[in-house]
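Let's take a walk through the empty spaces of this protein and then look at what sits around its ligand. Keep the viewer open as you read.

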Amino acid sequence: MDGSTPDSLLIELKRLQAAQARSTLGYADRIADLKRLRAAVKSRAEDIVAATSADFGRRSRHETLLSDVMTVLHDIDYTLKNLKRWMKPRRVSTSWQFLPGRSEIRFQPVGVVGIISPWNYPVNLALMPLVAAIAAGNRAMLKPSELTPRTSELLKAMLAEVFPSDQVCVVLGGPDVAAQFSTLPFDHLFFTGSTSVGRIVMQAAAKNLTPVTLELGGKSPAIIAPDYPMTTAAARLTAGKFLNAGQTCIAPDYILAPADQISALTQALRKELSERYPSLRSSVDYTSIATDRHYLRLQQLLEEAQAGGAQIIQINPANEALDPANRIFPPTLVLNPPAQSRLMSEEIFGPILPILPYRSLDEAIAYINDHDRPLALYHFDLDSERTKRVLDSTIAGGVTINDCVLHIAQSALPFGGVGPSGIGHYHGHHGFLTFSKQKPVFYQARWSSLSLLKPPYRNFADRLIAFLTR
Ligand code: NAD
């Protein structure tokens, strides 16, 4: 439904709510739905590649297949394998005073959920929450990003084929529609996007007391220990940072490196980048910046940092002239970035990698703790004591040790931010729980011990209470 108005969106929500009230989607329905969704994504893999590439200008085919297709297929497979167990009511212990009663937790769909998604992994970030919502038996309305219009159209057409229109529907539109969307009285609103818009979404949801999951952004640090091999760190940081040209919420935003290793690290990064992207103009593996606005912003961040005294190292191995119209932004290392610059205060979200020197691990930890709690933290270290110290003394949404980004790919790990980088979790079982009401139920037995404790209270009650409060 396009050309949405607040009324038309509400009518759509009510239609889904009525369908949810009419019929509960049981285990067999959910499995069938997920299998149909899986088949649809798999059969459209090349359409997804084409649409995302057209939307970005140039988007690595392999990265689309890995990050927007494979991730979703794997998440569906993991869910198919485990859903029966997740749905089973869970028996929990009952306090002895209430025996022989018993207690259990039942998992019920919350109802109709809203999903707002961004442009950077436009299929993954729309469908992964949908998989969790479907697994938990909900109906869903999605609002994908306006900045990837072809992919959003593709999602809409694909989901209309997979699901009846009163089970899943896709609303297209920009910030206006998104703002109206977030005022709808959903049973849960799942938002992925920037921290600034996340704040607005949470305020809108608060009016309806709609619970939110906010998957937001932030500046994710990477610390390298003094004796960690710089070539290994450089290879793994290059993979995590320059995937999707740095347009990744959990990309390492900046590096904290031992002061005396900066030169070795810079060399190693230059070598890695030159080998991976020998020609920026013709390398189909190097993704462009999604829009002119984002491209311009990255340029401004760099110019401002340079004016403040930073040293800029652009890795353009073939020394090619790059037409800004193609939005190919060269991999860029930044040394000595000014502390107060936008580069060091805003999430970069592009292929610019500042490198900050530290002299002691305490200094690196203090720098991280002086800033907002990040979505991700990376620590490269072969010493387990030091690693434990970093883990214990910092708070981040998620962590990968001795690599980047890979915690997101572990189906059994919860994914989500903390503080300004997000609220709540999903992926696998955690997504199922996010979209379920965990309903606690106590079953009283034929005989209840409470029958011994009733007015008029007398001596026996005094003795019993004295015993219970001993
Ligand atoms: P964005 O916040 O600009 O937009 C995200 C979505 O919000 C879009 O669908 C947009 O239409 C919608 N929107 C815009 N204005 C709105 C409003 N007033 N009310 C409600 N919705 C509104 O984010 P973006 O630029 O598309 O994505 C980049 C940001 O997303 C980065 O900060 C990145 O870190 C973050 N991100 C986070 C994750 C995560 O999993 N934590 C994943 C990807 C991206």
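What follows goes through two pockets in turn and then the ligand.

One thing before we start: this is a predicted model. With that in mind, go to the largest pocket, which holds about 1,300 Å³ of space. To find its middle, pick out G193, S194, T195, S196 and V197, the residues that lie nearest the centre among the 49 in the lining. Which elements give two or more residues to this lining? They are α7 (175-181), β6 (188-192), α8 (195-207) and α11 (292-307). The largest share comes from α8, with 6 residues.

As for chemistry, the walls of the largest pocket are a mix: 23 nonpolar, 16 polar and 10 charged residues. If you colour the model by domain, you'll see that both domains take part in this lining. Domain 1 (6-216 + 420-440) and domain 2 (221-409) each supply at least three residues.

Now move on to the second largest pocket, with a volume of about 730 Å³. Its lining counts 33 residues, and S67, T71, L243, V405 and I408 are the ones nearest the centre. Here the elements that give two or more residues are α4 (61-87), α5 (124-135) and α9 (230-242). Of these, α4 gives the most, with 7 residues. By class, you get 18 nonpolar, 10 polar and 5 charged residues in this lining. Domain 1 (6-216 + 420-440) and domain 2 (221-409) turn up again, with at least three residues from each in the lining of the second largest pocket.

That leaves the ligand. How many residues surround it? There are 29, and the closest are S117, E146, S194, L216 and E347. S194 is a name you've already met, as one of the residues nearest the centre of the largest pocket.

Zoom in on the polar atoms next. L216 puts a polar backbone atom 2.7 Å from a nitrogen atom of the ligand, and a polar backbone atom of E215 is 3.5 Å from a ligand nitrogen. With E347 it is the side chain that takes part: one of its polar atoms lies 2.6 Å from an oxygen atom of the ligand. On its own, the ligand has 850 Å² of accessible area, and the protein covers 90% of that.

Terms used:
Residues are numbered from 1 along each chain as its sequence is written. This is a predicted model: local features need pLDDT of at least 70, side-chain atom pairs count only at pLDDT 80 or more; totals for chains, interfaces and linings use all residues. Side-chain values use heavy atoms; hydrogens and water are left out. On a 1 Å grid over the protein atoms alone, a cavity is a set of points where a 1.4 Å probe fits but cannot get out, and a pocket is an open set with protein on both sides within 12 Å along at least five of seven lines; lining residues have an atom within 4 Å of a point. Grid points are joined across faces, edges and corners, and a volume is the space filled by probe spheres set on the points. Helices (H or I, at least four residues) and strands (E, at least two) are DSSP runs, numbered from the N terminus. Ala, Val, Leu, Ile, Met, Phe, Trp, Tyr, Cys and Pro count as nonpolar, Asp, Glu, Lys and Arg as charged, and the others, Gly among them, as polar. Domain bounds come from an automatic or database domain assignment. A residue is near a molecule or strand if one of its heavy atoms lies within 4 Å of it. A polar contact is a pair of N or O atoms within 3.5 Å; within protein, one must be able to donate a hydrogen and the other to accept it, and residues adjacent in sequence count only if both atoms are side-chain atoms. Accessible areas come from the Shrake-Rupley method with a 1.4 Å probe; for residues, only the protein chains shown count as cover.
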